[in-house]
Amino acid sequence: MARTSVAIVGAGLAGLTAAQHLIAAGHDVTVFEKSRGPGGRMSTRRTDVGQKFDHGAAHFGVASEAFAAVVQTWLDADLIRPRDAHPSLYFASAGMSSICRHLSQSLKIVPQVRIHSLVHHDDSIEVFDDKQTSHGRFGHVILAIPAPQTREILPRESHLQQAVRHVHMQPRWVGMFGFTSLVGTDRPDFFVTHSNLHPDDSFEIIRSAGNEVGSAFVVQAGRQWTQGHLEREPSDIIELLTPIVCAALHTDQLPNFSYAHRWRYAFVDEPLGTPCLVDRDHRISICGDWCVGWNVEAAWQSGDALGRLLVDQFSLD
Ligand SMILES: Cc1cc2nc3c(=O)[nH]c(=O)nc-3n(C[C@H](O)[C@H](O)[C@H](O)COP(=O)(O)OP(=O)(O)OC[C@H]3O[C@@H](n4cnc5c(N)ncnc54)[C@H](O)[C@@H]3O)c2cc1C
């Protein structure tokens, strides 16, 4: 079997899961990631004093047997634990990004490179970043990024454009709030609260599991509130969210740390309905949670399906 060089754009769970299959089958994989490290929407942020915030997925559930088998390997590796009050939900003791770091161990990851375009050649596909710098020619490229970003990079002539055209993803503002002492102790695990800031909207407040210094909470604003405040500055968002958090926690203590992050593409409206797609003519394929759903398991399912499919296809080439 010939060894295929594969570029994967996006070091989230979907891209890294596809990478595992390709590496195991002996292919040469390079992962390009626009951020400083792997994780994507399973990222973790730490403060100078050691508070920890999972500001994308805070935990995840398991529905399928196939994912349960993978989750068992993460349990065996001491990466994850069930939440005390919700044992069907798992969190990562060292932060959710540790799962993606674990999967990246044997991979060639090129961080802080935002892939911008792909140029198709007869025998390869060339990858360019947003400064028009070429990062080389590959036998195949996987786009493991949210649907709207996929659309921007896909060549116009690829038939995959048609498939992703109607996939929309919703944004979410999240706020991270750290307190030097324990607050909200009446609900030691985590809770969800509804705010009356907006009549139809709800805010989710989650205590960061595994945080060992003071208290750390992540507030996820609702869909409509986010939409209405989408282009506001992070400092405005913190100003608006702080009273909501303090009221929900029944504390007049002000946070020692607060930070807002806007996820432009947090959750898909309506998933694509198929776990992944391949354009063999252009040597490109696509995967990501949005193909099948809106959670960690969906991202894994999509990357797993694509990794297996490509290993089979490359073995026939
Ligand atoms: C606020 C929030 C809360 C959530 N809560 C939960 C939860 O409680 N439970 C649950 O199961 N799921 C939850 N999710 C969903 C879960 O986080 C995602 O389903 C999953 O992480 C998606 O993984 P992915 O690999 O498909 O995409 P991503 O994690 O988005 O990975 C894509 C990667 O591609 C990179 N990238 C994008 N464009 C480029 C480019 N041009 N060049 C290079 N790199 C690029 C990004 O930086 C990112 O690292 C939540 C998500 C959010 C945003």
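**Entry 1: strands β1 and β2**

I looked up the pairing of β1 (residues 5-9) with β2 (residues 28-32) and found 5 bridges between them, the two strands running parallel. The model I am reading is predicted. For the register I noted that serine 5 stands opposite aspartate 28 in β2.

**Entry 2: the sheet that holds them**

I then asked in what order the strands of the open sheet follow one another. The order is β7-β2-β1-β11-β18-β17, which makes 6 strands with mixed pairing. At the edges I recorded β7 (108-110) and β17 (277-279), each of which pairs on one side only. Neighbouring strands in this sheet are turned against each other by 20° on average, with direction ignored.

**Entry 3: strands β8, β9 and β10**

I followed the chain through two hairpins. The first joins β8 to β9 through 4 residues. I counted 5 bridges between β8 (residues 115-120) and β9 (residues 125-129), and these strands run antiparallel. Histidine 120 has isoleucine 125 in β9 as its bridge partner.

The second hairpin is formed by β9 and β10, again with 4 residues between the strands. Here 3 bridges join β9 to β10 (residues 134-138), also in antiparallel fashion. Phenylalanine 128 stands opposite serine 134 in β10. In the turn I noted glutamine 132, whose phi is positive at about 65°.

**Entry 4: helices α1 and α3**

I examined how α1 packs with α3 (residues 97-104): the angle is about 25° and the axes lie 10 Å apart. Because angles under 35 degrees count as roughly parallel, I entered α1 as roughly parallel to α3. The crossing of these two helices is left-handed.

**Entry 5: the ligand shell**

Which residues are the closest to the ligand? I listed Gly10, Gly12, Gly40, Arg41 and Asn295 as the closest, out of 37 residues that surround the ligand.

By residue class, the shell divides into 20 nonpolar, 11 polar and 6 charged residues.

I next traced the shell to secondary structure elements. At least two shell residues come from each of α1 (13-24), β12 (169-179), β16 (257-268) and α8 (296-316). Helix α1 therefore appears twice in these notes, as a supplier of shell residues and as a helix roughly parallel to α3.

Finally, I checked which domains contribute to the shell. Domain 1 (5-41 + 93-165 + 271-316) and domain 2 (169-268) each provide at least three of the residues around the ligand.

Note on methods
Residues are numbered from 1 along each chain as its sequence is written. This is a predicted model: local features need pLDDT of at least 70, side-chain atom pairs count only at pLDDT 80 or more; totals for chains, interfaces and linings use all residues. A residue is near a molecule or strand if its C-beta atom, placed from the backbone, lies within 6 Å of it. Ala, Val, Leu, Ile, Met, Phe, Trp, Tyr, Cys and Pro count as nonpolar, Asp, Glu, Lys and Arg as charged, and the others, Gly among them, as polar. Domain bounds come from an automatic or database domain assignment. Two strands pair if DSSP finds at least two bridges between them. Axes are lines fitted to C-alpha atoms, for helices over the stretch in contact, and angles run from 0 to 180 degrees between N-to-C directions. Angles under 35 degrees count as roughly parallel, over 145 as roughly antiparallel, 65 to 115 as roughly perpendicular and the rest as oblique. A crossing is left-handed if the near helix is turned anticlockwise from the far one by less than a right angle, and right-handed if clockwise.
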